[in-house]
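The following exercises practise the reading of a protein structure, from single residues to packed helices. Each task is followed by a solution in steps.

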Amino acid sequence: MSSPNKHEDSPGSTARRSRRGQQTAMNNKEDAAVVAMQKTLDFVRSQVDKTGRLLSEMFEELPDPNEYPSYYEIIRQPMALGTMQRKLESNQYVIPTFRSDFNLMIENAMVFNHKRSLVYRDALTLRELFEETLDRELKSAGLNVPAALPPLAQPPSFTPPLPMPTPSPASRRSQNPNIRQAPETPAQRRPSETPARRRRSETPVQKAQAGPSNDETPNLIYEEIAKVLKKVRTAKSQRGGRLAEVFEELPDKEEYPDYYNEISQPIALDVIQSKVLHRQYKALAEVEADLHLMTSNAMEYNTKGSDVYQDAVDLEAFLEKIFGRGSPRKETNERTELESLSVNGEVHTPGDFVYIANPLSPTQPTICCIQEIWARGSGQQRREGVTVTWYLRPEQTVHKATQRFMEKEVFRTSEKKDYYASEIVGRCHVLYVRDYIRGKLKGAKPEDTYVCENRYDDKAKQYAKVKDWNSGLPRSARGREVDLDLYPSPIVPNKVLSSLAAPG
């Protein structure tokens, strides 16, 4: 009689073999994933254009920090193909992180370089090649194709795309119009017409040549403009593509001469971007007006019912959603001056400080001082509004990361802006530093009370002491008494490091 279980597995041995089998299968999948990632990386690094130039050449290693320190001021999470190769060899990747690092590298290139540069265009091509190749290799290995992890965030401050410096003869010689690109469609073209030819007068700028000018540090206006343009450029159409794709560039004058006969004020997204780069906008409302002009031109030139006409209609609706209103405010109507304004049960007069809604950053409304109150139109068309001056927070100004500021400090500006009454979202208070150190403002909430000692010149990017507080107030509010609960003795305001300072 044979012994029990001589030819049978015990429960323990079966479980051990099951675990070993699972581990082996897992290891096999991990090995297959590494092979797929390596093949993808090798393929991307080997691709050339028609002249034999490697598309990945400028992405292999990070710029020298001694030679290009500005790169590391703008790009807080650098990434290069060489870095990815080293991480892959040291088993630091799974598919989602591998994909996310590559997308981070592409995003960095598109942030730091101008959209007409060779590096920017190479980045777009490499991203397409990478996604196609990785998906193909994973499917070939019998692996699932996971989605990419969310991209790592860039620093909160916005750095606009860099202007193109005057190219050197060497960079002109490096221009190559034969790089593989997706066909482009001119802005506002008729759907029956062929796409305009790509402009050949563009001068590519290599990543190593592209460096920010001294006027690159962001401010409030351009931070808001950047967010709007990003929303516009990434919006999806009903057909699944980019809604703004046909609005990127103006039609070629040689191919569409009738467009320039019919449209008196041509404009497209690349024109708007150029105006951004050259600091030609003074307010977000000016960008809004240009965007509305762009859609209006498209609807005027194209046949009603065409794809481009419908894209213009949809984009117009999208702009209304972004800005919270329809067509941009017009200054042609005569205004009537008012003594006060009631908003949500609160009465405001010139000299009062208010929060103005910022649709792009709802948690951080703009701090403003009312200079004038007015009404425009009559009857159902009557609109009330205010003319204000901005008071900027430290992070909305240009300064060194080592600079210290008083808690709740703001900076007075001189430019006047118009807003409708519906854009006022609350009351706040700004005290001159000489009053702020003497006592607390009666009836004011601490979280809505700010202190001001300096004014800020946005053009010169400089601070200067406010010598006459009344000069920043409307005449009717000058000399107004400040009702304070006085401290026993003047306080010394606490100063804190800029939010730009590195943690730790």
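A residue is called exposed when its relative accessible area is over 50%, buried when that area is under 20%, and partly exposed in between. The model used throughout is a predicted one.

**Exercise 1. Classify N91 by its accessibility, and describe its place and its backbone angle.**

Step 1. The relative accessibility of N91 is 65%, and N91 therefore counts as exposed.

Step 2. N91 lies in the loop between α3 and α4, and it follows α3.

Step 3. Most residues other than glycine have a negative phi. The phi of N91, in contrast, is positive, near 60°, although the residue is not a glycine.

**Exercise 2. Carry out the same analysis for K408.**

Step 1. K408 is located in the loop between β7 (404-406) and β8 (409-420).

Step 2. Its relative accessibility is 31%, so K408 counts as partly exposed.

Step 3. The phi of K408 is positive, about 70°, and K408 is not a glycine.

**Exercise 3. Give an overview of the protein: its elements, its buried share and its contacts.**

Step 1. The protein contains 12 helices and 14 strands.

Step 2. It has 504 residues, of which 45% count as buried.

Step 3. Consider the contacts between residues at least 6 apart in sequence: 71% of them join residues at least 24 apart.

**Exercise 4. Determine which residues of helix α3 are buried and how they are arranged around its axis.**

Step 1. Helix α3 comprises residues 81-89, and its buried residues are L81, G82, M84, Q85 and L88.

Step 2. These residues cover an arc of only 160° around the axis, and therefore they lie on the same side of α3.

Step 3. A general rule helps in reading such a list: an α-helix has 3.6 residues a turn, so residues three or four places apart point the same way.

**Exercise 5. Describe the packing of α3 against α4.**

Step 1. Two packed helices are described by the angle between their axes and the distance between the axes. For α3 and helix α4 (residues 95-112), the angle is about 165° and the axes are 10 Å apart.

Step 2. Angles over 145 degrees count as roughly antiparallel. The helices α3 and α4 are therefore roughly antiparallel to each other.

Step 3. The crossing of α3 and α4 is right-handed.

Step 4. On the side of α3, the residues L81, M84 and K87 take part; they meet F98, D101, F102 and M105 in α4. By class, this contact consists of five nonpolar, no polar and two charged residues.

**Exercise 6. Describe the packing of α4 against α5.**

Step 1. Helix α5 spans residues 118-140; it packs with α4 at an angle of about 170°, and the two axes are 9 Å apart. The angle therefore makes α4 roughly antiparallel to α5.

Step 2. The crossing of α4 and α5 is left-handed.

Step 3. Among the residues of α4 in this contact are F98, F102, I106 and M110, and among those of α5 are Y120, L124, F130 and L138. The whole contact divides into 14 nonpolar, one polar and four charged residues.

**Exercise 7. Describe the packing of α9 against α10.**

Step 1. Helix α9 (residues 269-277) packs with helix α10 (residues 284-301) at about 165°, and their axes are 10 Å apart. Accordingly, α9 and α10 are roughly antiparallel to each other.

Step 2. Their crossing is right-handed.

Step 3. From α9, L269, I272 and K275 meet V287, D290, L291 and M294 of α10. Five of the residues in this contact are nonpolar, none is polar and two are charged.

**Exercise 8. For T402 and Q462, state the location and name a residue that is distant along the chain but whose C-alpha separation is given.**

Step 1. T402 is situated in the loop between β6 (383-392) and β7. Its relative accessibility of 63% means that T402 counts as exposed.

Step 2. L497 is 95 residues from T402 along the chain, and the C-alpha atoms of the two are separated by 6.5 Å.

Step 3. Q462 belongs to strand β12 (residues 462-465). Its C-alpha atom is separated by 7.7 Å from that of V398, 64 residues apart along the chain.

Step 4. When neighbours within four places in sequence are left aside, Q462 is in contact with R455, Y456 and D457.

Notes: Residues are numbered from 1 along each chain as its sequence is written. This is a predicted model: local features need pLDDT of at least 70, side-chain atom pairs count only at pLDDT 80 or more; totals for chains, interfaces and linings use all residues. Side-chain values use heavy atoms; hydrogens and water are left out. Axes are lines fitted to C-alpha atoms, for helices over the stretch in contact, and angles run from 0 to 180 degrees between N-to-C directions. Helices (H or I, at least four residues) and strands (E, at least two) are DSSP runs, numbered from the N terminus. Angles under 35 degrees count as roughly parallel, over 145 as roughly antiparallel, 65 to 115 as roughly perpendicular and the rest as oblique. A crossing is left-handed if the near helix is turned anticlockwise from the far one by less than a right angle, and right-handed if clockwise. Contact means heavy atoms within 4.5 Å. Ala, Val, Leu, Ile, Met, Phe, Trp, Tyr, Cys and Pro count as nonpolar, Asp, Glu, Lys and Arg as charged, and the others, Gly among them, as polar. Buried means under 20% relative accessible area, exposed over 50%, partly exposed in between (1.4 Å probe, protein chains only). The arc is that of the directions from the helix axis to the C-beta atoms.
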